[in-house]
Amino acid sequence: MSATAPPLAALSAELSLLRPRMEEVSRAIHARPELKFAEFHAVEVLTGWLAEAGFAVRAGAGGLDTAFVAAHEGSEPGPYVAVLAEYDALPGVGHGCGHNLIAAGGAAAAITAVRALPHHPGTIAVIGTPGEEMGGGGKVRLADAGVFAGVDAAVMFHPGDRSLTTQHGLAAAHLRVGFTGVSAHAARSPWEGRSALAAAQLFLNAIDAMRQFVPPTARLHGIVSDGGQAPNVIPAHAAVDLYVRDRTAASAEALVERVRRAAEGAALATETTAEVHETGPLYGERRDNTVLAERFGDTVRALGLDITAAGPDSPAGSSDIGNLSQLLPVIHPYIQIAEFGTPSHSDAMREAAATPLAHDRAEVAAAGLARVVTDLVLDPGVLEAARAEFVGR
Ligand SMILES: [Zn+2]
Ligand SMILES: [Zn+2]
């Protein structure tokens, strides 16, 4: 081993120096919310900071304009450890998922690790993963493009209303169910038309009727994304955007088949046609690496944060980290930045994501990530243990 692990006090000291810049970067991203795959400002702010800190930035990684890899090569061969940064926002809500904190805190963690260990072995990188929300599947696309080839472990944290070392994530399919009918004058000759909107309504009723007969862990939820153009025209086109989630990809896929039949039934009844397609990659269920998650937990606990693993009934969302977690050891702990019970994807969470408390907590989370990163590059036993758990399925 060429270097010894920096004490937590050293990581915390580096982070307090980085705190003003971290907060500035976070607030800049928060103030200019950008939707999936259009996060140009966020990428500029983040890569500017990382380049100044000595990271070699590769923009447009994996063929995605708003993805990047910012790597700091060590002085000798060793593990490749990536901190993941998300930075996309939600339509209407802005940064109601707090990705500004993931991005700024993640970059701060990687810079801290490099400052504490300027001659580290291996590679310490920040991988900018765009388009997590709205089924964008940025991480899936990057993995498919080979961006994670050679990455030994990936770490990130997510803000929330409670602190959790591990938390199950649901598998999720992202569907658009389109109906095609026949347009006609809605008063003069409606019988000549066939309403695609009527099909969409019937389809949504069929989904409601199905709800009692799906596993209690399943979630079926959607919006009418196209309900026609004008009240006096029978809609020839209508569409429902629907997410189908459950604890495993296999169960979500089985539910998608039932959703397809519901769409066909609605089309049959209304003499329209239905077409179901996936608007993004299926998000896999999450496999947190507990070896690394516990190391993160021990670190943030030492800094005064109360954190435990989520219980089996803890409410869960979905993320493209699930797909990544099937490919390599990952962690995706949650750090409380808002009052318990504050819903994610809400105006309240957006406001919480820009408070001094949120940035205090992002600093703690960054210390936790920096600890895991430095341990992984310095101590082969840590990566070995993480890998053993990963392959032990
Ligand atoms: Zn979200
Ligand atoms: Zn999120």
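**Close-ups of the pocket and the zinc pair**

**View 1. The largest pocket, with a volume of about 1300 Å³.** Keep in mind that this is a predicted model. The pocket's lining takes in 50 residues, and the ones nearest its centre are Arg245, Ala316, Gly317, Ser318 and His345. Sort the lining of this largest pocket by class and you get 19 nonpolar, 18 polar and 13 charged residues.

**View 2. Strands and domains around the largest pocket.** Four elements give two or more residues each to the lining: strand E6 (158-160), strand E7 (171-180), strand E8 (219-226) and strand E9 (237-246). Both domain 1 (8-169 + 283-391) and domain 2 (171-278) chip in, with at least three lining residues from each.

**View 3. The zinc ion (ligand 1) and its donors.** Here the metal is held by Cys97 through SG, Glu133 through two OE atoms, and His345 through NE2, at 2.0 to 2.8 Å. Angles between the four donor atoms run from 52 to 146°, so the arrangement counts as irregular. Glu133 sits in the loop between strand E4 (121-128) and helix H4 (138-144), while His345 sits in the loop between strand E12 (334-336) and helix H9 (347-352), so this pair ties together parts that are 212 residues apart in sequence. Read along the chain, the donor spacing for ligand 1 is C-x35-E-x211-H. His345 also turns up in View 1, among the residues nearest the centre of the largest pocket.

**View 4. The zinc ion (ligand 2) and the shared cysteine.** What coordinates this second ion? Cys97 (SG), His99 (NE2) and His158 (NE2) do, at 2.0 to 2.3 Å. His99 belongs to helix H3 (residues 99-116) and His158 to strand E6, so these two histidines link parts that are 59 residues apart in sequence. The donors of ligand 2 are spaced C-x1-H-x58-H. Look for Cys97 between the two sites: Cys97 coordinates both zinc ions, which are 3.1 Å apart.

**View 5. The stretch that UniProt annotates.** An unreviewed UniProt entry lists residues 169-267 as "domain: Peptidase M20 dimerisation". Over residues 169-267 the model's chain is 34% helix and 28% strand. The C-alpha atoms at the two ends of that stretch are 33 Å apart.

Technical notes. Residues numbered from 1 in each chain as written. Chains lettered and ligands numbered in written order. Predicted model: local features only at pLDDT ≥ 70, side-chain atom pairs only at ≥ 80, totals over all residues. Heavy atoms only, no water. UniProt positions renumbered as here; feature names shortened; annotations may be inferred. 1 Å grid on protein atoms, 1.4 Å probe; cavity = no way out; pocket = protein on both sides within 12 Å on 5 of 7 lines; lining within 4 Å. Points joined across faces, edges and corners; volume = space filled by probe spheres on them. Nonpolar A, V, L, I, M, F, W, Y, C, P; charged D, E, K, R; others polar. Domains from an automatic or database assignment. Donors = N, O, S within 2.8 Å, 3.2 Å for Na, K, Ca; no water. Tetrahedral: all angles 85-135°; square planar, octahedral: opposite > 155°, others 65-115°.
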